[in-house]
Amino acid sequence: YSSPKTLSDVVKITAQRSNGQMLGYKVSPGKDKEQFSRLGFKNNDIVTAVNGIVLDDPGKAIELYRVMRSAQDASFTVLRDAGEINLVVGLGQ
């Protein structure tokens with residue numbers, strides 16, 4: 001995605017906590033619901049890691065940004081329906 005704005009058209013994120021601890025980010029579709037589904041996400045999935053970076057601290061955003069700038073794909077660890085799944089998305093860079 002060329003900018004954060006185009007990404008926000010596809011996915012909205014909200015920090016998700018349990019007992020005061022950060023679990024990750026809950027995702028829901030943005031304006032482009034079809035693209036959201038094509039990525040493999042479902043409404044209310046909770047992304048707990050991206051490319052091995054555990055999203056348990058908002059401060060990890062810088063590390064995530066650095067890694068994702070040159071990544072060829074993104075591997076998401078997702079909590080869904082009381083289970084954990086992995087989604088892999090090609091970034092086409």
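Helices (H or I, at least four residues) and strands (E, at least two) are taken as DSSP runs and numbered from the N terminus. The structure described here is a predicted model, in which local features need pLDDT of at least 70 and side-chain atom pairs count only at pLDDT 80 or more, while totals for chains, interfaces and linings use all residues. Residues are numbered from 1 along each chain as its sequence is written, and side-chain values use heavy atoms, with hydrogens and water left out.

A convenient place to start is the strand pairing. Two strands are said to pair if DSSP finds at least two bridges between them. Strand S1, covering residues 11–18, runs antiparallel to strand S2, residues 21–29, and 8 bridges link them. Within this pairing, Val-11 has Pro-29 of S2 as its bridge partner, and Lys-12 stands opposite Ser-28 in S2. The hairpin formed by S1 and S2 has 2 residues between the strands, and Asn-19 takes a positive phi near 50° there. On to the next neighbour: S2 is also joined to S3 in the antiparallel sense, by 3 bridges. One of the pairs involved places Lys-26 opposite Ile-46 in S3.

Two further asparagines deserve a look for their backbone angles. Asn-44 has a phi near 75°, a positive value in a residue other than glycine, and is located in the loop between H2 and S3. Accessibility is described here with three classes: buried means under 20% relative accessible area, exposed over 50%, and partly exposed in between, using a 1.4 Å probe and protein chains only. With a relative accessibility of 44%, Asn-44 is partly exposed. Asn-51 likewise adopts a positive phi, near 50°, and is a residue other than glycine. The loop that holds Asn-51 connects S3 and strand S4 (53–54), and the residue is partly exposed at 26% relative accessible area.

Charged side chains complete the picture. Taking a salt bridge as a side-chain nitrogen of Lys or Arg within 4 Å of a carboxyl oxygen of Asp or Glu, a search of the whole structure finds 4 of them. Among them is the contact between Asp-45 and Arg-80, whose closest N and O atoms are 2.7 Å apart. Asp-45 belongs to strand S3 (residues 45–50) and Arg-80 to strand S5 (residues 73–80), so this pair ties together parts that are 35 residues apart in sequence. Both ends are buried: Asp-45 has a relative accessible area of 2%, and Arg-80 has a relative accessibility of 17%.

Another salt bridge brings together the side chains of Glu-34 and Arg-38, at 3.1 Å from N to O. These two residues are 4 residues apart in helix H2 (residues 33–38), so about one helical turn separates them. Glu-34 and Arg-38 are each exposed, whereas Asp-45 is buried. A salt bridge also links Lys-60 and Asp-56, with 2.9 Å between the closest N and O atoms. Lys-60 is partly exposed at 24% relative accessibility, and Asp-56 is partly exposed as well, at 40%.
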